Every structure is written in structure tokens, then in C-alpha cells.
Amino acid sequence: MRILVVEDEQLLADAIAEWLREETHAVDVAGDGAAALERVDVNDYDVVILDRDLPRVHGDEVCRRMVSAGAEPRILMLTAAAEVTDRVGGLSLGADDYLTKPFAMPELAARVLALGRRTRPGSPPALRRAGITLDPARREVTRDGRYVSLSKKEFAVLFELLRADGAVVSAEHLLEKAWDENADPFTGAVRLAILKLRRKLGDPQVIETLPGVGYRIS
């Protein structure tokens, strides 16, 4: 998934981003509310992790503007306030979930994964097609019962291809979902990841290239 972490405490923001990247997500970081709104306008995020107490534009206002604009990302709000009234206030603004500080990183990751599933209703916990099974929770892939060891980026690309359920996925979409905003679109990273996936998944080949359009698992 593509995730935006909005947190003004740099060490915490970096820790969250690093943990989620280990979970194979693509993660961008914003240090204030204004920067968050700019990124949401130009990037297609699945989940936004939003600290409530932000400089420049308060987290409540960021949430309110996102909801009013009909933004698609699910919002997980973070705050040091643990009172019930504070949690209710955050949810009433349109946030999808609420987590108080301090929190355990595994719980944060689990909540993000759950919100990601809600972003695209109907996606099963395990994705299956053409003899391939991908389990997002365990980060495991098998082909006809054989375990396939993949890098984080390869896993993320395969996840998007399987989730498309036979539809064509553009290279731009794969770059958007599997890499962060610092990725260079001209590096050929997507093409290289596809080549490695084909080799690791083995024969018969199932990833089809449609020149100028994208890729699909037939």
C-alpha cells in the first residue's frame, strides 16, 4: 500500500515509516499539516496516519479538509490524549480509526493493514490466481505449493497485480503503490521488478506485458 505518515516528531515519524517499509509498504512522510494536504492532493494514498497536534495546519483541520474534499485514503489519527471525549472528537471529524500514544508498532501495522482492506472492499485476506497464492498478513508467496522468496518491492508489485484480478495494471500505478515519492520514474525499476518476478515464479510464465499499457496476470 501507499501510506502517508504525518507526524512532526521526526524520530517517531522515521520509526513509523521504517517499520511500515519493513512490512513492504511504500511510505511518504510529512512534518506538518500544510505539507500533508499538498501530498494528498498529488499522490494516491491508501492510508494516512495523521498526528492530531500538528504545526501550521492542525490535524483536526487536515482531517476535516480531506473528508470534505472526498479524499479516498483511510485516516488513522494519532494523539497523546487518551480521554474518551478526545477519541470521539477525532472520529467525529471523519477519521476511520484512532490510536493513542504511546503505541506498539505491531498494533499500528495491524490497524493500517485493516484500514487498507477497507479502502478496497472485497479483497480477500489471501490473493490467488494462476497457481499463485499471496498471503499479505504473513508476507508469504507460493506457486503451485512451492514457496517463493521475494524482495519487498517484488512482493508489493505482485500484490498489486494479483489484486487487479486479471485486469491490466500500468507501470505508473505499480510505481505509485510500491515505491515512495522519491522514486525516479525513469529508472526502469518496475520493469526490473517484473523481470525478477517472472524468474522467481518460474514456468509457465503468467505475467503478461502489454506494450505501452502495462502488465497483468493472465
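**Asp51, Lys101 and a four-stranded sheet**

Let's start with Asp51, which sits in strand β3, residues 47-51. Keep in mind that this is a predicted model. The UniProt record, an unreviewed entry, annotates Asp51 as "modified residue: 4-aspartylphosphate".

Is Asp51 buried or exposed? Asp51 has a relative accessible area of 3%. The cut-off for buried is under 20%, so Asp51 counts as buried.

What surrounds Asp51? Leave aside the neighbours within four places in sequence. Then Asp51 is in contact with Val6, Glu7, Asp8, Gly59, Leu78, Thr79 and Lys101.

Take Lys101 from that list. Lys101 lies in a loop, between β5 (97-100) and α5 (105-119). Which side chains does Lys101 reach? One polar contact, of 3.0 Å, joins the side chains of Lys101 and Asp51. The Lys101 side chain also makes a polar contact with the side chain of Glu7, at 2.9 Å. Again beyond four places in sequence, the contacts of Lys101 include Glu9, Leu12 and Ala80. Leu78 and Thr79 touch Lys101, and they are also on the contact list of Asp51.

Now the sheet. Four strands form an open sheet, ordered β6-β7-β8-β9, with antiparallel pairing. Why do β6 (127-129) and β9 (146-147) each have one side without a neighbour in the sheet? Both stand at the edges, so each has a single partner strand.

For β6, 3 bridges join it to β7, residues 132-135, and the two run antiparallel. Within that pairing, Leu127 stands opposite Leu134 in β7. Helix α6, residues 152-163, packs on the sheet and touches β6, β7 and β8 (140-143). The direction of α6 makes about 115° with that of β7.

How values were computed
Residues numbered from 1 in each chain as written. Predicted model: local features only at pLDDT ≥ 70, side-chain atom pairs only at ≥ 80, totals over all residues. Heavy atoms only, no water. UniProt positions renumbered as here; feature names shortened; annotations may be inferred. Buried < 20%, exposed > 50% of the residue type's maximum accessible area, 1.4 Å probe, protein only. Contact = heavy atoms within 4.5 Å. Polar contact = N/O pair within 3.5 Å; in protein donor to acceptor, adjacent residues only side chain to side chain. Pairing = 2+ DSSP bridges. Axes fitted to C-alpha atoms, helices over the stretch in contact; angles between N-to-C directions.
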